[in-house]
Amino acid sequence: MLRSSLQFEPAHDAEFFAAAPAKAAVFLLRGAEGTEPYVSKTSNLRRRMVRLLGAPEERTKRLNLRDRVQGLEYSLVASDFEAQFCLYRTLREIFPSTYTDRLKLRFAPLVRLILENEYPRVAVTTRIQSLKSKSAYYGPFASRVAAEKFSNDALDFFLLRRCTDDLNPDPAFPGCIYSEMKMCLAPCFKGCTDERYAAETASVREFFESGGRSLLRQIEIDRNIASENLEFEKAAELHTKIEKLKAVTQQASELVRNIERLDGVMVQPSQEAESVSLLKISGGFLHDPVPFNVTPRLQVGQVKTPQSMEARLSEALAAVPVQKPASAYEWMEHLALLKRWYYRTSKTGEIFLTDDKGELPYRRLVRGVSRVYKGEKPQADLSETAGDYWRFRAAEGGVPDRPSEARGGLGEK
C-alpha cells in the first residue's frame, strides 16, 4: 500500500533521518513481529521521525519509539485529501476492525426514497441498506439537519406520506394531521388508489433525480398558460410557488444527486513534477489517484502530434479501470471521505461532475487542472472565455493563444 520503505537501526539513526524526505507523507512504523504498527500522517516526515525515533529527552512525556521500531514505510502526499485517502486505505488494511474509529469517519447524510415499501416514503439516513437495495439515495449533504430540511421542504410540493408506520390500509382508520391538512394522499385509510399513490411516488423520484427541475418546468408551463389566458391571479400564485421551489432547490449543492450517478473527477496536486493527480469518481466511489503530466515532453526521436488537452484528459480517464465498492459499507466510507473534503470551508483541489448526459465538462476541467497545477484558488467565473483554457491549448501548439484569433472560439459571443 505504501510505496517506499527504510530500515531503522538506532546506531545509524543519522543516515536514517537524512534519507527520510522532509515532505508531507503518510507513514507506518513497524516493530517486532506481533506488535501493533504505528500509522499516521505528517506535514514533514523527517521532522516527525526525529521526534519519534530520536534519542529520548530527559523528563518528558513525549512519545518515543526508538527502541521498538525496526522499519519505516511511507508514501509522499501533495494535499490533505490525498493524505486522508491514503491514510484511510492504509488503516483499512492494517486495522480492519477499528479503522473507522481511528479515522473518526462520520458517514454522509443521504435522503432515501424507500421503494421497497408498498407505499414508498422519504427518510434521511447515513446508511445504505445494501448494494442491491431498490431504494434511491440522494446526497451527500453537509449535515443531517441540511438533509432533513431539504427533504421536508421538497415534500411540501407533493402529497407523499410522511409517517413511518407500516401501513395496512383501513377505511376506518382516522388518519393523521397530514391527511387533515391535505398534505398527504392518505393511503392509510384508502384516501387514494394505489395507482394514484404510485404516480405521486414517480413524481417525487423525478424531482430528486432532476434536482427539482422537473417540477420547476411544469409549474413554469402552467404559469405561462395562465398568463396567456389572462388568469393573472393564478399566474401570480404559480410565480410565488416557483420562487419557493427555487429556494428549496438551492439548498442542495452540486454534489447532491442520486449517488449511483455521482460521477466525475477530482483534481489534486501531485508529488510528481509538472503533474496533477486525477481521482476518477464513479457512483460516489473514489478510484486510485492517477498522475497527469500537464506539460509532457517529447522523447528523443518522437514526432510531435497535435493533441488537445481535452483529448489527453479523456484518454487518461478512460484508461482508469472502473472500480466498484465491495460492500455498502465501503461505499458509505467513500461518500464520507468525499463529503468531508467537499464541504470544507477551505480545501485544496477541485471537483468536476458529469452533466445529465453523463458527460464531463472538459473545458472547465482544463481550466481546473491549470489552477490546481499553479496552486491558484478555484474561480467563481466559469464562463467559456476564461483564458487558462486557451493558454494550455496554445502551449501544446494546437490553437492560437488568444480567443479572438480562434475561428468559432470560446471568446466569441
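Trainee: What makes you say that both faces of strand β7 (residues 136-139) are covered?

Mentor: In this predicted model, A136 and Y138 sit on one side of β7 and Y137 and G139 on the other, and all of them are buried. Buried means under 20% relative accessible area, so with buried residues on either side, both faces of β7 count as covered.

Trainee: And why look at the two sides separately?

Mentor: Because side chains in a regular strand alternate between the two faces of the sheet.

Trainee: How do you know that β5 and β7 are joined?

Mentor: Count the bridges. Two strands pair if there are at least two bridges between them, and β5 (residues 110-114) has three with β7, running antiparallel. For a contact you can find on screen, take R112, whose bridge partner in β7 is Y137.

Trainee: What joins β7 to strand β8 (residues 257-258)?

Mentor: Two bridges, again antiparallel. The cut-off is at least two, so β7 and β8 qualify as a pair. Look at G139, which has R257 as its bridge partner in β8.

Trainee: Back to R112: is it buried or exposed?

Mentor: Buried. Its relative accessible area is 15%, and the limit is under 20%, so R112 falls on the buried side.

Trainee: What makes R112 and E116 a salt bridge?

Mentor: Their side chains meet at 3.5 Å, N to O. The cut-off is within 4 Å, so the pair counts. E116 itself has 35% relative accessibility; partly exposed lies between 20% and 50%, so that is the label E116 gets.

Trainee: How many salt bridges does a search of the whole structure find?

Mentor: The search gives 17. One of them is D13 with R66, where the closest N and O atoms are 3.0 Å apart. That pair links distant parts of the chain: D13 belongs to helix α1 (residues 13-19), while R66 is in the loop between α2 (45-53) and β4 (69-76), 53 residues apart.

Trainee: Why does R66 count as buried?

Mentor: R66 has 14% relative accessibility. Buried is under 20%, so R66 makes the cut.

Trainee: How do you know that R344 forms a salt bridge with D80?

Mentor: By distance: the closest N and O atoms are 2.6 Å apart, and the rule asks for within 4 Å. This pair also links distant parts of the chain, with R344 in the loop between α11 (328-342) and β13, and D80 in helix α3 (residues 80-94), 264 residues apart. R344 is at 38% relative accessible area and D80 at 37%, so each is partly exposed. K41 joins in too, since K41, D80 and R344 are linked in a network of salt bridges.

Trainee: Why is strand β9 (residues 264-269) called largely enclosed by the rest of the structure?

Mentor: Six of its six residues are buried, so the description follows.

Trainee: Which strands pair with β9?

Mentor: β10 (residues 275-282) pairs with β9 in the antiparallel sense over six bridges, and β13 (residues 350-353) does so over four, also antiparallel. G264 shows both pairings: it stands opposite I281 in β10 and opposite L353 in β13.

Trainee: What do β9 and β10 form, and how many residues lie between them?

Mentor: A hairpin, with five residues between the strands; in the turn, E274 has a positive phi of about 55°.

Definitions and conventions:
Residues numbered from 1 in each chain as written. Predicted model: local features only at pLDDT ≥ 70, side-chain atom pairs only at ≥ 80, totals over all residues. Heavy atoms only, no water. Buried < 20%, exposed > 50% of the residue type's maximum accessible area, 1.4 Å probe, protein only.
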